[in-house]
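Me: I have a model open and want to understand how its parts fit together. Can we go through it in short questions and answers?

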Amino acid sequence: MTHLKEGDKAPDFTSTDQHGNTINLKDYKGKKVVLYFYPKDNTPGCTTEACNFRDHYEELQEKGFEVIGVSADTEKKHSNFVEKFSLPFTLLADTEKEVINAYGVWGLKKFMGREYDGIHRETFVINEKGMIDKIITKVKNKEATKQILDLYA
């Protein structure tokens, strides 16, 4: 789906989080970032993935990773999602789909015989220098953290 490849410079972005704060990728320079894209707050698969990152957040931080989730939901929806599931990381409210399009994760999807445009569930691991280190295109919601940590074992 994505037009980006491992080794490419990660597209910079400016967006707002669940609290209305401005978030820039360049603010994370010197840190490893797990930038994960997901379709929608409070849906079964997206909740499972977010809670997997929550449950292993401390472990990810110990390994030097920051987690940022991205969907086209509003700040208010993100805020409610974060509060409901005690998510300790940032969610970007990309309502204009600028970050989503920059990373090439918007496109045709098929579900139960129906075709529609939407966000593809993909994860980008960005290294300390702002380069795309790894791309996971077949995300396993229940094992999202394990998929990342296995790449660095």
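What follows is a set of short exchanges on the sheet, its strands and the helices that lie on it.

Me: Before we start, what kind of model is this?
Reply: Keep this in mind for every value below. The model is predicted.

Me: In what order do the five strands of the open sheet run?
Reply: The sheet is open and its pairing is mixed. From one strand to the next, the twist averages 20°. The strand order is β5-β4-β3-β8-β9.

Me: Which are the edge strands?
Reply: An edge strand here pairs on one side only. That picks out β5 and β9 (132–136).

Me: In which sense do β3 and β4 pair, parallel or antiparallel?
Reply: Strand β3 covers residues 32–37. L35 has I68 of β4 as its bridge partner, and F37 stands opposite V70 in β4. Six bridges link the two strands, and the sense is parallel.

Me: And in which sense do β3 and β8 pair, parallel or antiparallel?
Reply: F37 serves on this side too, standing opposite E122 in β8. There are five bridges between β3 and β8. Their sense is antiparallel.

Me: Which residue of β9 stands opposite F124?
Reply: β8 and β9 pair in the antiparallel sense over four bridges. They form a hairpin with five residues between the strands. Opposite F124 in β9 stands I135.

Me: Which residue in that hairpin of β8 and β9 takes a positive phi?
Reply: Look at the hairpin of these two strands. The phi there is near 85°, and the residue is G130.

Me: Why is β8 described as largely enclosed?
Reply: Take its two faces in turn. E122, F124 and I126 are buried on one side, and T123 and V125 are buried on the other. β8 is largely enclosed by the rest of the structure because its buried residues number five of the five.

Me: How many of the residues of β4 are buried?
Reply: One face has F65, V67, G69 and S71, all buried. The other has E66, I68 and V70, also buried. β4 is mostly covered, and the count is seven of its seven residues.

Me: With which side chain does the side chain of E66 make a polar contact?
Reply: E66 sits in strand β4. Beyond its neighbours within four places in sequence, E66 is in contact with residues including Y28, V33, Y57 and Q61. The polar contact is at 3.3 Å, and the partner is Q61.

Me: What separates the C-alpha atoms of E66 and I126?
Reply: Along the chain, these residues are 60 residues apart. E66 belongs to β4, while I126 is one of the buried residues of β8. Their C-alpha atoms are separated by 9.8 Å.

Me: What is the bridge partner of S71 in β5?
Reply: β4 and β5 run parallel and are joined by four bridges. In β5, the partner of S71 is A93.

Me: Is T90 buried or exposed?
Reply: T90 lies in strand β5. Setting aside neighbours within four places in sequence, its contacts include D17, I23, Y28 and V67. Buried means under 20% relative accessible area. T90 has 15% relative accessibility, so it counts as buried.

Me: What handedness does the unit of β4, α3 and β5 have?
Reply: α3 lies across β4 and β5, running at about 160° to β5. The three elements make a β-α-β unit. That unit is right-handed.

Me: Why do the buried residues of α3 line one face?
Reply: In α3 (residues 75–85), the buried residues are H78, F81, V82 and F85. Viewed down the helix axis, they line one face because they fall within an arc of 95°.

Me: What covers those buried residues of α3, and what does the face turned away carry?
Reply: The cover includes α1 (44–55), β4 (65–71) and β5 (90–93). Just after α3, S86 takes a positive phi of about 50°. The face turned away from the buried side carries exposed residues: K76, E83 and K84.

Me: At what angle does α5 run to β9?
Reply: Helix α5 spans residues 144–151. It lies across β3, β4, β8 (122–126) and β9. The angle to β9 is about 135°.

How values were computed
Residues numbered from 1 in each chain as written. Predicted model: local features only at pLDDT ≥ 70, side-chain atom pairs only at ≥ 80, totals over all residues. Heavy atoms only, no water. Buried < 20%, exposed > 50% of the residue type's maximum accessible area, 1.4 Å probe, protein only. Arc of directions from axis to C-beta. Contact = heavy atoms within 4.5 Å. Pairing = 2+ DSSP bridges. Axes fitted to C-alpha atoms, helices over the stretch in contact; angles between N-to-C directions. Polar contact = N/O pair within 3.5 Å; in protein donor to acceptor, adjacent residues only side chain to side chain. Right-handed = clockwise from strand over helix to strand, strands pointing away.
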